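User: I am new to this structure and would like a close look at a single part. Please take me through the aromatic rings and their surroundings, explaining each term as you use it.

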Amino acid sequence: MVKVAILFPRLDVTFKEGPVPEARGAIPPIRVHWRDMANRLLTAHRVKGDTVQFIEKPLWQFTPEFVESLDAEIVYVPHKSTDTFPVRGKEVRYYMQSVFPWQFYIDSKGFAGGASFYPLTIDENREVPANSFYSQMQARAALGESKFEQPPSQKLNLPDEFFFFPCQIPHDETIKYHSDVSVLDALVATCRATERLNKLLIVKGHPVNPGSMAPLYQAATQFKNVIWVNDISIHDLIPHAKAVIVVNSGTGMETMLHKTPIVTFGRCEYDCVSNKATTDNIVDILQDPKFDEKAVRAFFESWYEITYDTRSSKSFERL
């Protein structure tokens, strides 16, 4: 029997520092999966006979010192990593939502390109079942579903060849800790490369924090070959693009569902099947971006096996 503490963020308030009203408000749909995650953790440890504390607070009120003071051997910490939330004297398991919102990371270091399993290695020759996670997510993508709500699908008049750059939030922890290249530098390098190749580049602003897009918009729209959009679904653009370019966005995972090459500047769990770019070689990469469906299928299966599916108790048996 082990003493376990599960830290849980209050879901009706901001994850960043802000007001905490006494009355409970509505929970955004994307956060409902966090509640499912907590229920799975509670059930899994209680089945094992562990003693479990469940501690709910606004996310920003949790501190490493608070964790270190707990009478627990294992502590689950949400939405953090060793980079942002180092803890001494405890076994910490950081948990974080993925691009598929019911699917979570639980890891001793963090998530995605900062997880202990990074860099992820795959067996390209492994057998992948017909009804694989990859196939299931392809069907979801065909319906236009995404982690963040997309505009309604529309028929677009697109050129035969263009590239697509979906912006990330520049100050996001995934950029700060999992990449040596900023969003702005990656975007400008891509604008210059596509200009040199005489190809259209479509850039989409991030829907969650439009205010942070201002410097990216200003930089991108200096180039005559660039079109900036906000109100177009990624699923109307990705299938027709010659390649999608990101730093390390979860959109890269969604890109591969459409069998479109993905180009990455930063560290991410799927960079083992992406076209790895730098600001120096981006022109060469965009001239002939690769997509290996066999390797991608193997990657998705491996990734699914190391993450936790809140729709079922099965993966939580590994805890």
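Analyst: **Aromatic rings and helix α10**

The charged end of arginine 318 lies over the ring of tyrosine 308, 4.2 Å from the centre of that ring (a charge sits over a ring if NZ of Lys or CZ of Arg is within 6 Å of the ring centre and within 35 degrees of the ring normal). The model is predicted, so local features need pLDDT of at least 70 and side-chain atom pairs count only at pLDDT 80 or more, whereas totals for chains, interfaces and linings use all residues. Residues are numbered from 1 along each chain as its sequence is written, and side-chain values use heavy atoms, with hydrogens and water left out.

The structure holds 20 aromatic pairs (rings of Phe, Tyr and Trp, the last by its six-membered ring, with centres within 6.5 Å; planes under 30 degrees apart are stacked, over 60 edge-to-face, the rest tilted). One of them is the edge-to-face pair of phenylalanine 15 and tryptophan 34, with 5.9 Å from centre to centre and 90° between the planes. This pair links distant parts of the chain, for phenylalanine 15 belongs to the loop between β1 (3-9) and α1 (32-47), while tryptophan 34 belongs to helix α1, 19 residues apart (helices, H or I and at least four residues, and strands, E and at least two, are DSSP runs numbered from the N terminus). Both phenylalanine 15 and tryptophan 34 are buried (under 20% relative accessible area, with exposed over 50% and partly exposed in between, for a 1.4 Å probe and protein chains only). Arginine 31 lies over the face of phenylalanine 15, at 3.8 Å from the ring centre.

Phenylalanine 299 and phenylalanine 300 form a pair whose ring centres are 5.4 Å apart and whose planes meet at 80°, so this pair too is edge-to-face. Because its relative accessibility is 0%, phenylalanine 299 counts as buried, and phenylalanine 300, also at 0%, counts as buried. Ring pairs join these two phenylalanines into a cluster with other rings, including Phe100, Trp102, Phe133, Trp303 and Tyr304.

Phenylalanine 299 and phenylalanine 300 are among the buried residues of α10, as are Ala295, Val296 and Trp303. What covers the buried residues of α10 includes β5 (103-107), α3 (133-142) and α8 (251-257). At the N-terminal end of α10, aspartate 292 acts as a cap, with a side-chain oxygen 3.2 Å from the backbone nitrogen of lysine 294.

Leaving aside residues up to four places away in sequence, phenylalanine 300 touches Phe100, Phe133, Tyr134, Met253, Met256 and Leu257 (contact means heavy atoms within 4.5 Å). Phe100 and Phe300 touch the most other members of the largest nonpolar core, which has 71 residues (a set of buried Ala, Val, Leu, Ile, Met, Phe, Trp, Tyr and Cys residues joined through side-chain atoms within 4.5 Å). Helix α1 gives the most to this core, with six residues.

Two of the cluster's rings, Trp102 and Tyr304, also touch aspartate 309, whose contacts beyond four places in sequence include Gln103, Ser315 and Phe316 as well. Aspartate 309 is placed in strand β12 (residues 308-309) and is buried, with a relative accessible area of 4%. The side chains of aspartate 309 and arginine 311 are joined by a polar contact of 2.8 Å (N or O atoms within 3.5 Å, one able to donate a hydrogen and the other to accept it within protein, where residues adjacent in sequence count only if both atoms are side-chain atoms).
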